Amino acid sequence: MSAAAAAAVALGVAACTITDAAQSSDSGDDRTPASGPADELTAVDPDTIPGLEEDGAEDEGGGVSVTLSYPVIPNADPLAERLAQIAERDAADFAGAVPGAEGVSIDWQISAAGDGVIAVRLTQEETGSEGDRTGYSTYWYDTSDGHTAASTELLAGDAELADLHALVRAALEDTDGVDTSAIQPIARVYDSMGFNPDGDLVVEFDEGQVAPLDAGRIRAVVPGADADPLLSEFGERAQEAAVGVTPEFAVDEPPTVPKDDPYPPAPGTSPGAAGDDVDCTAAGSKCVALTFDDGPGERTGEVLDALAEHDAKATFFVTGGPVGQHPGLVRRAFADGHEIGNHTVGHPDLAGLGAGGIRAELDPVTDVVRRETGYTMDLMRPPYGSTNGTVEEVTRDLGTAQILWSVDTRDWKDRDADKVADRAVSGAAPGAIILMHDIHDSTVDAVPDIVERLDEKGYTMVTTSQLLGDTEPGNAYLDAVPEADGAGDGEG
Ligand code: NI
C-alpha cells in the first residue's frame, strides 16, 4: 500500500466515528433522491464521503507521459488496489498499442455510494499524433466482500448482455455517425454502465469507439422498464445506490474477502465459452481448426458471416496495422466466439531478430487486442512459420504458445477459390490446423464452400485452443497430435 493509501486508512478511523449515522442513512432513511442529467451516469460529490483521499502515480517511461489518480475510501482498500491495477494496465495498453501515443491521464469520479455499493467512473484522456480522445470505464464495488465488478456484472449473464445489446443497437441505429457493427456485446465495449437519477440504465462508449472521433461521446439510455429485468441481484443493489444520495457515506468495516473467488467471469469476457461444449479429445471426435492470418481485411466480415451460418469457430492470427484499421472486426470476431492470436506488428521473419526485436513485434499487438476486446492472447503464430530458440524463449516469457499448421492451402499463391477450398477440405483430418489468409478475395470466396463441405463430412470447426486444450507457452504446435517428448521445440 502506498503512503497516501495508508494515510487514508488512518483517516478512516475518524470516518468510523460517524458509522452509526452512516448506517441509518445508508439503510435509506436519510437518503435524498439523486439529481442530474437524464442521459448521464449519476455523480456523487466526494465531499459527502468523509476520509476520502486520492492516490495515484506519474510516469514518463517510454516517452509517454502517464498520470493516474483514483479514490481511496476508508475500509475499501481492495477497490483502490483494483483501480490502481486497472489504470496502470489501461495506460500501458494505450502507450503500447497506439502509434504516436504521447500522454494519458486517468481521472475519477464517484458515480454511486450507498447500500453497500460504491461506483467509480474512470475518465481516460489520451493525447497523441493521431488525435486526442477520451475513454470511460465504470467499476462497481461491493463493500461487504471487496469485489470490484465490471459494468457488465450489473447484468445477470451473457444472455442479458445480448438482450441489452439489442436494445442499445436499436436505440443508436439512427444516431449520426454511429457504426452499430462496431458495437459488440463484450465487456470491453460495455465497460461504462450506470444509472441516471431515475434508475434508467445509461451505457456510454469511448470517443472514437463506435463513431468517428468528431461525433464525441456516444451514449444510450435504456429505460428502467426494459433494463430492470436484465439486472443481476448486485445490479439491483447498484441501481438503488445510484438513485439516492447518502449524507456522510461511510463503509463500517473492512470487507470479508472470500478465500476462493466465487465470481464467474463477467458477462462478455469469454463469449466463446457459451458454446464451449466441444470435446475434441473424445474418441471418434472430428475436430479441425481453421486459421486465418494477416488480417483482419476488408472482407473479414463475410468470413465471420459464413462461419456463423454453420456455427463454426475459427482462429484469427491478426497483424498490427490491420487491427488498427478494422478494430470493429476484431471485436466482432471475439464476440462471435472465435479465438484471436498474435501474428506480429509488421510480419517479419522473427528468426532473424534478437529477443528485443521479437518482443517489439509481439507486445503492441497484445496491447491493441486487449484494448479492443479486453482479451489477453495466449497464442501466437510466427510469420512464415519461422521460429528458433530465441522466439521460443521470448514467447515462453510472454505466456504465448506458438501455433504452426499441418495443412497449407497456399492461398497466398493460388488466388483461386476452388483450389483453396479443395486443398482445405482434402487436407482436413481430425486434429488438423489449416492455414489460410482472410486478406485475399479468393480465400473469402472459398470459405462458405469450405465450411459447408467440412460440415457435411462431420467435422466440428473449433478454435485452436479448443482443438489443442491447454498449451504450454513457448512450445510450438503443428496440430492436435501430441509429440512423444511433449510438444515440439520450435523447429518450425
Ligand atoms: Ni502471415
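In this predicted model, V202 stands opposite V221, a residue of strand β10. Strand β9, residues 201–204, is joined to β10 by four bridges, and the two strands run antiparallel. Strand β10 itself comprises residues 219–222 and has two distinct faces: A220 and V222 form the covered face, while R219 and V221 form the uncovered one. In general, the strands of a sheet pair through backbone hydrogen bonds, in either a parallel or an antiparallel manner.

A further set of strands forms an open sheet. Its six strands follow the order β2-β3-β4-β5-β6-β7, and their pairing is mixed. Because β2 (53–59) and β7 (148–149) stand at the edges, each with a single partner strand, one side of each is left without a neighbour in the sheet. The pairing of β2 with strand β3, residues 65–72, is antiparallel and extends over seven bridges. Within this pairing, E54 has P71 of β3 as its bridge partner. Helix α6, residues 233–242, lies across β4 (101–114), β5 (117–128), β6 (133–142) and β7. Relative to β6, helix α6 runs at about 105°.

Attention may now turn to the metal site. The nickel ion has as its protein donors D294, through OD, together with H343 and H347, each through NE2; they lie 2.1 to 2.2 Å from the ion. Along the sequence, these donor residues follow the spacing D-x48-H-x3-H. Distant parts of the chain are thereby linked by the pair D294 and H347, which are 53 residues apart. D294 belongs to the loop between β12 (287–293) and α7 (300–309), whereas H347 belongs to the loop between β14 (339–342) and α10 (355–373). Both D294 and H347 are buried.

Helix α12, residues 417–427, shows how burial can be distributed around a helix. Its residues V420, A421, A424 and V425 are buried. These four lie on the same side of α12 because they cover an arc of only 120° around the axis. An α-helix has 3.6 residues a turn, so residues three or four places apart point the same way. On the other side of α12, D418 and S426 are exposed. The buried residues of α12 pack against two elements, β18 (433–437) and α13 (441–456). At the start of α12, D416 places a side-chain oxygen within 3.0 Å of the backbone nitrogen of D418. D418 thus appears in two descriptions: as an exposed residue and as the residue whose backbone nitrogen is approached by D416.

Methods
Residues are numbered from 1 along each chain as its sequence is written. This is a predicted model: local features need pLDDT of at least 70, side-chain atom pairs count only at pLDDT 80 or more; totals for chains, interfaces and linings use all residues. Side-chain values use heavy atoms; hydrogens and water are left out. Donors are N, O and S atoms within 2.8 Å of the metal (3.2 Å for Na, K and Ca); water is not among the atoms, so sites may look incomplete. Buried means under 20% relative accessible area, exposed over 50%, partly exposed in between (1.4 Å probe, protein chains only). The arc is that of the directions from the helix axis to the C-beta atoms. Contact means heavy atoms within 4.5 Å. A polar contact is a pair of N or O atoms within 3.5 Å; within protein, one must be able to donate a hydrogen and the other to accept it, and residues adjacent in sequence count only if both atoms are side-chain atoms. Two strands pair if DSSP finds at least two bridges between them. Axes are lines fitted to C-alpha atoms, for helices over the stretch in contact, and angles run from 0 to 180 degrees between N-to-C directions.
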